[in-house]
Amino acid sequence: MIYTVTFNPAVDYVMRAERVVFGETNRSQSEELYFGGKGINVSVVLQRLGLASTALGFVAGFTGAALEQSLSEQGVAVDFVRLPKGFTRINVKLKTGEETEINAQGPEIPPEALQALFERLRALQDGDTLVLAGSIPGSLPQDIYERILEMLSEKKIRFVVDATGELLLRVLPYHPFLIKPNQQELEELAGARLLQEDEIVSAARKLQQLGAQNVLVSRGKDGALLAAQNGTVLRANAAKGVMRNTVGAGDSMVAGFLYGWQQSGDYDYALRCGIAAGGATAFADGLARREDFLRLLAQSGEVR
């Protein structure tokens, strides 16, 4: 079974307007609501591709209840810890030709709620996959990912970590199966611009030396690069389409890669599935749908 953890889920309130003038009353042209967070996005895309998972994390208040209902209606299994106070955060996305985001902080997570999540995680079994994705709320210790991997290190669990900076570096000694920095995040870890492909490969290899088994680097219009555990370096071109949305594209790539790996155990196919799922989200207004994923997968070229 695949489990995803989202510590700070969100309701994304997307407002589209021709323009926004600060200090004045503005009117939108349309609005949409999306329920998510990085781990939740992975669970939703997996469900749409036909692979079951369980979404873990914290929810609170009326927005948390709405998020749970939305996921259940989409067929995603949930086992959230309900918080006694506050509400699941609402993030405002203003789309006016450019995209402006205002992300909320989220509710306070008390120690007893964290222990309740730990109890759920301790129930994971050998052979399960655990996806940890996204930032950590200020009310939690910033080494929380490391603590989870340490707690479960005696079990044969496949860890997937999509995080940045020190949060990511601290889990590498626990040999996560997959990490997925984008190129900018990889540059931040390397402390330098990575202008040539061999520089990107070298930086990915360094993360493998620190403990990561597989390093999937998303590169936007330049596709993706995978430094695989078997010693190979695979490259794939980006999917072809009109960019509409960047929110959740990286999470979709993670979901697509996991789907491809679970189906085949083949790195080439997993990378192609990751590219197709990421593109299916980037070219739509919401997360990837199966029909778009299959179309882009059929169009994908050979992995090099």
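Right after helix α8 comes Gly265, with a positive phi near 65°. The model is predicted, and α8 makes a good place to start reading it: 12 of its 16 residues are buried, so the helix is largely enclosed by the rest of the structure. From there we can move to the nonpolar cores, the salt bridges and a few spots on the outside.

**Helix α8 and Gly256**

- Helix α8 reaches 22 Å from its first C-alpha to its last, close to the 22 Å expected at 1.5 Å a residue.
- The buried residues of α8 are Ala249, Asp251, Ser252, Met253, Val254, Ala255, Gly256, Phe257, Leu258, Tyr259, Gly260 and Trp261.
- Gly256 sits in this helix, which spans residues 249–264, and its relative accessible area of 0% makes it buried.
- Setting aside residues up to four places away in sequence, Gly256 touches Leu49, Ala270, Cys273, Gly274 and Ala277.
- Pro110 is 146 residues from Gly256 in sequence, and their C-alpha atoms are 34 Å apart in space.

**Nonpolar cores**

- In soluble globular proteins, nonpolar side chains tend to be buried together.
- The largest nonpolar core here has 48 residues, and Leu46, Leu216, Leu226, Phe257 and Phe293 touch the most other members.
- Helix α9 (residues 267–282) gives this core its largest share, 9 residues.
- Another core, of 46 residues, lies apart from it and includes Leu56, Leu172, Ala204 and Val215.
- Not counting residues up to four places away in sequence, Leu226 touches Asn214, Val215, Leu216, Thr232, Val233, Leu234, Phe257, Tyr267 and Leu271.

**Salt bridges**

- The count of salt bridges comes to 16.
- Lys38 and Asp251 meet through their side chains in one of them, at 2.6 Å from N to O.
- Lys38 lies in helix α1 (residues 38–49) and Asp251 in helix α8, so this pair ties together parts that are 213 residues apart in sequence.
- The two partners differ in setting: Lys38 is partly exposed at 29% relative accessible area, whereas Asp251 is buried at 4%.
- Arg16 and Asp285 also form a salt bridge, with an N to O distance of 3.6 Å.
- Because Arg16 belongs to strand β2 (residues 10–16) and Asp285 to the loop between α9 and α10 (290–299), the pair ties together parts 269 residues apart in sequence.
- Asp285 counts as partly exposed, at 32% relative accessibility.
- Lys95 pairs with Glu99, their closest N and O atoms being 3.6 Å apart; Lys95 is buried at 13% relative accessible area, while Glu99 is partly exposed at 33%.
- Shared partners link Arg16, Glu32, Arg244 and Asp285 into one salt-bridge network.

**On the outside: Phe87 and Asp79**

- Phe62, Phe87 and Ile90 make up a nonpolar surface patch, and together they have about 310 Å² of accessible area.
- Phe87 is in the loop between β6 (81–82) and β7 (89–95), and it counts as partly exposed at 42% relative accessibility.
- Asp79 is found in the loop between β5 (77–78) and β6 and is also partly exposed, at 32% relative accessibility.
- Beyond its neighbours within four places in sequence, Asp79 is in contact with Thr54, Ala55, Leu56 and Arg120.
- Asp79 is 63 residues from Gln142 in sequence, with 23 Å between their C-alpha atoms.

How values were computed. Residues numbered from 1 in each chain as written. Predicted model: local features only at pLDDT ≥ 70, side-chain atom pairs only at ≥ 80, totals over all residues. Heavy atoms only, no water. Patch = residues over 30% accessible without salt bridge, like charges linked within 9 Å, V, L, I, M, F, W, Y side chains within 5 Å. Areas by Shrake-Rupley, 256 points an atom, 1.4 Å probe, with all protein chains shown as cover. Salt bridge = Lys/Arg side-chain N within 4 Å of Asp/Glu carboxyl O. Helix = DSSP H or I, 4+ residues; strand = E, 2+ residues; numbered from the N terminus. Buried < 20%, exposed > 50% of the residue type's maximum accessible area, 1.4 Å probe, protein only. Contact = heavy atoms within 4.5 Å. Core = buried A, V, L, I, M, F, W, Y, C linked by side-chain atoms within 4.5 Å. Expected span 1.5 Å × (residues − 1).
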